[in-house]
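User: I'd like a close look at one part of this model, the aromatic residues and what sits around them. Could you walk me through it?

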Amino acid sequence: MKDIELKLENLTFKAHEIIKGKIQVNYSGRYDGVVVNAQILGSNQLIVYKSYNNKAISQNLSRLFINKNDMPENLVEFTAIIDFEPKEIHEVKFRVSIIQEHKEIESVIVFGNLII
């Protein structure tokens, strides 16, 4: 079993659709939380995180830190959205990292596609 796992509900996204993901931390050591980053390859546009564990995020965040205290059973679900109209297909890279004292312990990467 990996120290951290990321599962996306779908690996193909359209603009303005909700993206749903789930993060499971299996790391046995100490950690402060996890950080979720996403990059739309070949674009300067951002993915905006909307919620985690059913808590709405009021700010437009393009990088999401989730404290360990907000992760019951080391599990968190999040939602995000892509708020622009792509003119071409883009690969989307999601990267989730375990953070301890501002240092990355372990990470996982999942790729998806933004379609027209």
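Is F94 buried or exposed, and what is its relative accessible area?

Analyst: Keep in mind that this is a predicted model. F94 is buried, with a relative accessible area of 0%. Its ring pairs with that of F78: the centres are 6.5 Å apart and the planes sit at 40°, so the pair is tilted. The pair ties together distant parts of the chain, since F78 belongs to strand 8 (residues 75–82) and F94 to strand 9 (residues 90–100), with their positions 16 residues apart. F78 counts as buried too, because its relative accessibility is 2%, and the cut-off for buried is under 20%.

Zoom out a bit, and F78 and F94 join F13 and Y49 in one aromatic cluster.

F78 also leads us to a polar neighbour. S51 lies in strand 5 (residues 47–52), and, leaving aside residues within four places in sequence, S51 is in contact with A56, I57, E77, F78 and T79. With T79 there's a polar contact, side chain to side chain, at 2.6 Å. S51 counts as buried, at 13% relative accessibility.

As for aromatic pairs in general, the structure holds four. One of them is Y27 with Y31: the ring centres are 6.4 Å apart and the planes are at 70°, so this pair is edge-to-face. Here the two partners split on accessibility: Y31 is buried, with a relative accessible area of 5%, whereas Y27 is partly exposed at 23%.

Terms used:
Residues numbered from 1 in each chain as written. Predicted model: local features only at pLDDT ≥ 70, side-chain atom pairs only at ≥ 80, totals over all residues. Heavy atoms only, no water. Phe/Tyr/Trp six-rings, centres within 6.5 Å; stacked < 30°, edge-to-face > 60°. Buried < 20%, exposed > 50% of the residue type's maximum accessible area, 1.4 Å probe, protein only. Helix = DSSP H or I, 4+ residues; strand = E, 2+ residues; numbered from the N terminus. Polar contact = N/O pair within 3.5 Å; in protein donor to acceptor, adjacent residues only side chain to side chain. Contact = heavy atoms within 4.5 Å.
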